[in-house]
Amino acid sequence: MTRRFKAMRGTHDILPEEASRWRLIEEEFATICIRYGYQEIRTPIFESTEVFERGTGFSTDVVQKEMYTFEDKKGRRLSLRPEATPSVIRAYLEHNLDKRAKVLKVFYMGPMFRYDRPGAGRYRQFHQLGIEVIGTASPVADAEAIVLLWDFLRAIGLKRLKVRLNSLGCEKCRVEYSGIVKSFLEGNLKHLCQDCHERFARNPLRVLDCKQKKCKAVVAKAPEIGEVLCQPCRDHLEEVKRLIKLGGVESYLDARLVRGLDYYTRTVFEVFHEASGIDNSLGGGGRYDRLVEDLGGPSMPAVGFSAGMERIGQALEIDGVNLETNQSVDVFIAPMGGQAFEKAFELARDLRLNLRVWLEFDERKIDRQLRTASRLGVRFTVIIGSDEISRGIVKVKDMTTGEQYEVEQSGVAGWLKKRLGGTDLE
Ligand code: AMP
């Protein structure tokens, strides 16, 4: 027997019913972003590996362990994007987008790839929706990003959301904090997992992010960054907190929030859904004031977030939110006999200017066709056979009442449109 293939571990198919919900979610996201003054950007799925090494950060787990890296036929080192932010910055610099406006505000959506251990809510190909704001250090931009994400998640029907907020400080306080954490961890190394030993050597702050129970226990006693934040960093955090509160966002400060990527400065945040749990955040982001420079550009402050479609989908399911997708069919055309297909084909084309039409491809008995029509949930079935063609009519069956009408072929489009009203095509 020929081998049947399966989707690769950590990847999943988005089947039609789910894909139609995803489309709604993506449309809602785009609509909200556009209302907030963001424009869409699409960058390639793969980039030079260096973009992520320098962008996402060489010391991160994402770059160290999780990237899909390969050589192309010319020996170039490429990686599938594990996140979009470095790609967006690369595009920003490549196309001199800083010359267009003082601040660039963009949104994106698409697949990301990380060779992580697949589990609940963790995939190797997953899908993110996100924004980037490049060119401002204002806390208003941080607050706008958080409120936008909040508004979007609420708009699609999620409840019981919470934002965790923290500051990783500026260059100055971060270095100081990193030193304090390092000395603290030095005395606790034997209680840390193997990965954290490596993290300790590369970037001690990474240890704060470990999900292992024993490391969490150590980290719980670590000094908090709040103790070393400089006054401007404190003020920045306070302002973000104040603004998002005005925006109706429920948030709390969490000194343990460091996030897994290297580039954050000052604000970091995560939005989670209470029932899905804190380790299953729906989205997260923060400020990255050094990243543009790290990727070879000028010093340019920026802020952004990304949220995961799969996690959002799970949360919607937990909350029992049933997104109404309307991809049903209005009219079923049942050609009876070989000659009827040409007429049916023309009629379908005509009706499809305004209506959703299913044209049967194969010759089948009428009762079978009607059964398919019912399954599709159509309101009307149009029956065309040789008798109808010779009389210049079609038969139209109202599937809800069972009544059958004879309608002139030339007037059938108008007849159906009148009864079906102005269906909004999606
Ligand atoms: P990050 O890019 O790591 O800041 O993650 C942002 C969001 O992307 C998370 O809150 C998740 O919703 C989603 N995400 C990250 N990694 C994965 C993954 N391996 N599988 C599914 N979703 C993910």
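The following exchange goes through the ligand site, the aromatic contacts and several single residues of a predicted model.

Colleague: Which residues come nearest to the ligand?

Modeller: Arg-114, Tyr-123, Gln-128, Arg-259 and Ser-281 come nearest, out of 13 residues around the ligand.

Colleague: What makes the approach of Tyr-123 to the ligand a polar contact?

Modeller: A backbone N or O atom of Tyr-123 lies 2.9 Å from a nitrogen atom of the ligand. The cut-off for a pair of N or O atoms is 3.5 Å, so this pair counts as a polar contact.

Colleague: What about Leu-282 and Gly-308?

Modeller: Both involve the backbone. A polar backbone atom of Leu-282 is 3.0 Å from an oxygen atom of the ligand. For Gly-308, a backbone N or O atom lies 3.2 Å from a ligand oxygen atom. Each pair is within 3.5 Å, so each is a polar contact.

Colleague: How much of the ligand's accessible area does the protein cover?

Modeller: The ligand has 480 Å² of accessible area on its own, and the protein covers 92% of that.

Colleague: Which strands supply at least two residues of the shell?

Modeller: Strand 6 (125-134) and strand 11 (302-308) each do. By class, the shell has six polar, four charged and three nonpolar residues.

Colleague: On to the rings. How many aromatic pairs are there?

Modeller: The count comes to ten.

Colleague: Why is the pair of Phe-380 and Trp-415 called edge-to-face?

Modeller: Two values decide it. The ring centres are 5.5 Å apart, within the 6.5 Å limit, so the rings pair. The planes stand at 70°, over the 60 degrees required, so the pair is edge-to-face.

Colleague: What does the pair tie together?

Modeller: Phe-380 lies in strand 14 (residues 380-385) and Trp-415 in helix 15 (residues 412-420), so the pair ties together parts that are 35 residues apart in sequence. Phe-380 and Trp-415 are both buried.

Colleague: Which residues form an aromatic cluster?

Modeller: Phe-29, Phe-107, Phe-152 and Phe-305 form one.

Colleague: What places Arg-419 with respect to Trp-415?

Modeller: Arg-419 lies over the face of Trp-415, at 3.8 Å from the ring centre. The distance limit for a charge over a ring is 6 Å, so that part of the test is met.

Colleague: And where does the charged end of Arg-124 sit?

Modeller: Over the ring of Tyr-115, 3.9 Å from its centre.

Colleague: Now the backbone. What is notable about phi of Asn-96?

Modeller: Phi is near 50°, a positive value in a residue other than glycine. Asn-96 lies in the loop between helix 4 (85-94) and strand 5 (104-113).

Colleague: Why is Asn-96 called partly exposed?

Modeller: Its relative accessibility is 42%. Buried needs under 20% and exposed needs over 50%, so Asn-96 falls in between and counts as partly exposed.

Colleague: What is phi of Arg-160, and where is the residue found?

Modeller: Phi of Arg-160 is near 55°, again positive in a residue other than glycine. Arg-160 is in the loop between helix 5 (139-155) and strand 7 (161-167). With a relative accessible area of 42%, Arg-160 is partly exposed.

Colleague: How do you know that Ser-167 is buried?

Modeller: Ser-167 has 2% relative accessibility, which is under 20%, so it counts as buried. Its place is in strand 7. The C-alpha atoms of Ser-167 and His-236 are separated by 8.8 Å, with their positions 69 residues apart along the chain.

Colleague: What makes Val-147 buried?

Modeller: The relative accessible area of Val-147 is 13%, under the 20% limit, so the residue is buried. Val-147 lies in helix 5. Val-147 and Val-249 are 102 residues apart in sequence, and 6.7 Å apart in space, C-alpha to C-alpha.

Colleague: Why is Arg-371 called exposed?

Modeller: Arg-371 has a relative accessible area of 54%. That is over 50%, so the residue is exposed. Arg-371 is placed in helix 13 (residues 366-376). From Arg-371 to Arg-90, C-alpha to C-alpha, it is 54 Å in space and 281 residues in sequence.

Colleague: Last one. Why is Asp-279 not called exposed?

Modeller: Exposed requires over 50%, and Asp-279 has a relative accessible area of 44%, so it is partly exposed. Asp-279 is found in the loop between strand 9 (265-273) and strand 10 (283-287).

Note on methods:
Residues are numbered from 1 along each chain as its sequence is written. This is a predicted model: local features need pLDDT of at least 70, side-chain atom pairs count only at pLDDT 80 or more; totals for chains, interfaces and linings use all residues. Side-chain values use heavy atoms; hydrogens and water are left out. A residue is near a molecule or strand if one of its heavy atoms lies within 4 Å of it. A polar contact is a pair of N or O atoms within 3.5 Å; within protein, one must be able to donate a hydrogen and the other to accept it, and residues adjacent in sequence count only if both atoms are side-chain atoms. Accessible areas come from the Shrake-Rupley method with a 1.4 Å probe; for residues, only the protein chains shown count as cover. Helices (H or I, at least four residues) and strands (E, at least two) are DSSP runs, numbered from the N terminus. Ala, Val, Leu, Ile, Met, Phe, Trp, Tyr, Cys and Pro count as nonpolar, Asp, Glu, Lys and Arg as charged, and the others, Gly among them, as polar. Rings of Phe, Tyr and Trp (its six-membered ring) pair if their centres lie within 6.5 Å; planes under 30 degrees apart count as stacked, over 60 as edge-to-face and the rest as tilted. Buried means under 20% relative accessible area, exposed over 50%, partly exposed in between (1.4 Å probe, protein chains only). A charge sits over a ring if NZ of Lys or CZ of Arg is within 6 Å of the ring centre and within 35 degrees of the ring normal.
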